[in-house]
Amino acid sequence: MTDPSMPTSQEIDGGDGHTAGCDVRVEPHSGSREELRPLFELAEDSPAQLDSYLASGRVLVALLGTEVIGHLQLVETDRPGEVEIKNVAVREDHQGRGVGGRLVRAATELVTAESGSALLVATAAADIDNLRFYQRHGFRMRAIERDAFTPASGYPPGIRINGIGLRDRVWLDHQLSDRPEPADGPRRPGRPSST
Ligand SMILES: CC(C)(COP(=O)(O)OP(=O)(O)OC[C@H]1O[C@@H](n2cnc3c(N)ncnc32)[C@H](O)[C@@H]1OP(=O)(O)O)[C@@H](O)C(=O)NCCC(=O)NCCS
């Protein structure tokens with residue numbers, strides 16, 4: 001059964017044709033969420049937190065043939081127009097080949113087409129790889145939530161990422177109306193125009 005609020009796979013592109021992920025299709029997921037749990041778990045260390053949001057929002061999946069190799073979950077926030085990437089992951093044997101980038105671009109195109117104003121995402125301050133990944137895809141730092149990952153919120157103690165204790169959460173956003181900087185770099189105010 002197709003979700004009528006989601007575009008078809010033909011309407012979602014997100015591909016640049018230059019990555020090894022170009023055989024991958026991105027589509028709305030209309031099947032069971034439970035079957036995606038192992039993928040969600042790659043991005044969520046708290047089983048309690050995952051239970052609280054697994055069924056929420058909408059999910060895009062990256063398919064290689066009929067196999068789901070990645071997913072991205074979008075949920076509404078309390079701010080109109082702002083949509084959060086709540087969970088995203090690519091199967092470990094397919095990471096680093098552009099599939100995650102395809103999913104993020106497809107989500108950006110979807111929310112832009114719906115006249116959304118911003119995409120938000122939260123990740124661990126310790127997760128340098130994720131911070132690089134999101135910033136490469138147009139996200140900028142928005143806020144830091146200290147001590148967000150605690151046993152009280154379901155995160156087991158002692159988790160370290162890149163040798164850094166899992167502790168603080170970073171919020172990033174991608175303002176969808178932001179214009180890219182000019183290719184020759186930002187212009188400095190007050191500089192005379194070249195003659
Ligand atoms: C983060 C993630 C979705 C990126 O998907 P991907 O398909 O590996 O990403 P792409 O191939 O499009 O881009 C690769 C870039 O992603 C970043 N990255 C983050 N985690 C990575 C990982 N485990 N392996 C490879 N790249 C990773 C790097 O910046 C990398 O750039 P690099 O090649 O210069 O190192 C994926 O690595 C993943 O599922 N990680 C585990 C779950 C997770 O942490 N999700 C995000 C929670 S906020």
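In which sense do β6 and strand β9 pair, and over how many bridges? Select residues 169–175 to light up β9, then add β6: the two pair in the antiparallel sense over 5 bridges. (Strands are DSSP runs of E, at least two residues, and helices are runs of H or I, at least four, numbered from the N terminus; two strands pair if DSSP finds at least two bridges between them.) Now click I144, whose bridge partner in β9 is V170.

Before moving on, remember that this is a predicted model, where local features need pLDDT of at least 70 and side-chain atom pairs count only at pLDDT 80 or more, while totals for chains, interfaces and linings use all residues. Residues are numbered from 1 along each chain as its sequence is written.

Next, show the whole sheet: 7 strands, open, with mixed pairing, in the order β1-β2-β3-β4-β5-β9-β6. At the edges sit β1 (25–28) and β6 (140–145), each pairing on one side only.

Time for helices. Select 99–113, and you have α3, which lies across β1, β2, β3, β4, β5 and β9 and runs at about 35 degrees to β3. (Angles run from 0 to 180 degrees between N-to-C directions, with axes fitted to C-alpha atoms, for helices over the stretch in contact; contact means C-beta atoms, placed from the backbone, within 7 Å.) Then pick 128–136: that's α4, packed on the sheet and touching β5 and β9.

Last stop, the ligand. It is surrounded by 17 residues, and the closest are Q95, G96, G100, G101 and D129. (Being near takes a C-beta atom, placed from the backbone, within 6 Å.) The largest share of this shell, 4 residues, comes from α4.

How values were computed
Contact = placed C-beta atoms within 7 Å.
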